[in-house]
Amino acid sequence: MSIVIKNLKKSYGDQIIFDDFNLVLQEKKITGILGPSGAGKTTLLNLCCGLEKPDSGTIEGINPTSISYIFQEPRLLPWRTIRENLRFVFKGQSIKKSGFHDKEIDEMLRMVGLDTVGDYYPQELSGGMRQRVAIARAFLYPSELLLMDEPFSSLDLTLKNKLMGDFLKIWEQDKRTVIFVSHNQEEIKQLSHEVLTFSDKPVRVLKKETIY
Ligand SMILES: Nc1ncnc2c1ncn2[C@@H]1O[C@H](COP(=O)(O)OP(=O)(O)OP(=O)(O)O)[C@@H](O)[C@H]1O
């Protein structure tokens, strides 16, 4: 199902971020969002996942229990190993079932090139490796919608290119609707099917480009 944003209004105090904002986001495609700092890109992601509530208007087509979020920093639990961090995705399921998921976890660790470090703790990994874990975690969770807020911005260029390539490989095998926010035009164009350029607040879509 596409995501349909209708007549969205959101303000913080006297700052109007969205004012009668309308947008349709394509299902199982990667939509990139570019825009000035402070425009409201993260606010849009937060509205999509329910961390923020709109003042009025609607966002349709999102199942609130079926969302993964990849942030700029990986947000792993430091007192848990990498494998335990990934097992958390399945928490609430029975032991037997979560044991069953170990196969999926091992397969995903292999896909992101981390099969030898499953028993390490996050602080024993480099920043790039930790961000790989965050990507693995996002795909392990059976989400329909994946929200990404500058997930590659802290990485050097070589690592970023490698990680974006790995991301696309995993996405090709397991297509989800992705909203990808970044300041970096090249990185956005490398990953996205469609790129939206936001104005400063109140947000308008200045440009819509189909990349592939
Ligand atoms: N919880 C909040 N309370 C008050 N103001 C907020 C809150 N969240 C965001 N804002 C304000 O809303 C505006 C939009 O913020 P947002 O983080 O969505 O921008 P952004 O486009 O993601 O910026 P950046 O690219 O710098 O991350 C900013 O002016 C910010 O200060």
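This is a short talk on the sheet, the pockets and a few unusual residues of one protein model.

Hi everyone, and thanks for coming. Please keep in mind throughout that this is a predicted model.

Let's begin with the sheet. It is an open sheet of 6 strands with mixed pairing, and the order is E5-E6-E7-E3-E8-E9. Which strands sit at the edges? They are E5 and E9, the latter covering residues 205-210, and each of them pairs on one side only. Going from one strand to the next, the twist averages 15°.

Let me zoom in on one pair. Strand E6, residues 145-149, and strand E7, residues 177-181, run parallel and are joined by 5 bridges. If you want a spot to look for on your screen, find Met148, which stands opposite Phe180 in E7. Helix H4 packs on the sheet here, where it touches E5 and E6. The direction of H4 makes about 170° with that of E5.

Now for the empty spaces. Rolling a probe the size of a water molecule over the atoms shows where empty space is left. The largest pocket has a volume of about 420 Å³. How many residues line the largest pocket? There are 15, and those nearest its centre are Ile67, Tyr69, Val89, Arg137 and Tyr141. Two elements give two or more residues to this lining: strand E5 (67-70) and helix H4 (127-140). So we meet E5 and H4 again, the helix and edge strand that touch each other in the packing I just described. By class, the lining of the largest pocket splits into 10 nonpolar, 2 polar and 3 charged residues.

The second largest pocket holds about 220 Å³ of space. It is lined by 16 residues, and Glu104, Met108, Phe139, Leu140 and Asp174 are the closest to its centre. Helix H3 (95-111), H4 and helix H5 (157-173) each supply at least two residues of that lining. Which element gives the most? That is H3, with 5 residues. The lining of the second largest pocket has 9 nonpolar, 3 polar and 4 charged residues.

Finally, some local geometry. Most residues other than glycine have a negative phi, and most peptide bonds are trans. Here are some exceptions to look at.

Asn7, in strand E1 (residues 3-12), has a positive phi of about 50° even though it is not a glycine. Glu150 also has a positive phi, near 50°, and is found in the loop between E6 and H5. Are these two residues buried or exposed? Asn7 is partly exposed because its relative accessible area of 39% falls between the limits of 20% and 50%. Glu150 counts as buried, since its relative accessibility is 9% and the cut-off for buried is under 20%.

The peptide bond from Lys201 to Pro202 is cis, with omega near -10°. You will find Pro202 in the loop between strand E8 (194-198) and E9, and E9 is one of the edge strands from the start of the talk.

One last residue is Gly57, in strand E4 (residues 56-60). Leaving aside neighbours within four places in sequence, what does Gly57 contact? Its partners are Lys6, Asn7 and Leu8, which brings us back to Asn7 and its positive phi. Gly57 is partly exposed, with a relative accessible area of 34%.

That's my tour, and I'm happy to take questions.

Methods
Residues numbered from 1 in each chain as written. Predicted model: local features only at pLDDT ≥ 70, side-chain atom pairs only at ≥ 80, totals over all residues. Heavy atoms only, no water. 1 Å grid on protein atoms, 1.4 Å probe; cavity = no way out; pocket = protein on both sides within 12 Å on 5 of 7 lines; lining within 4 Å. Points joined across faces, edges and corners; volume = space filled by probe spheres on them. Helix = DSSP H or I, 4+ residues; strand = E, 2+ residues; numbered from the N terminus. Nonpolar A, V, L, I, M, F, W, Y, C, P; charged D, E, K, R; others polar. Pairing = 2+ DSSP bridges. Axes fitted to C-alpha atoms, helices over the stretch in contact; angles between N-to-C directions. Contact = heavy atoms within 4.5 Å. Buried < 20%, exposed > 50% of the residue type's maximum accessible area, 1.4 Å probe, protein only.
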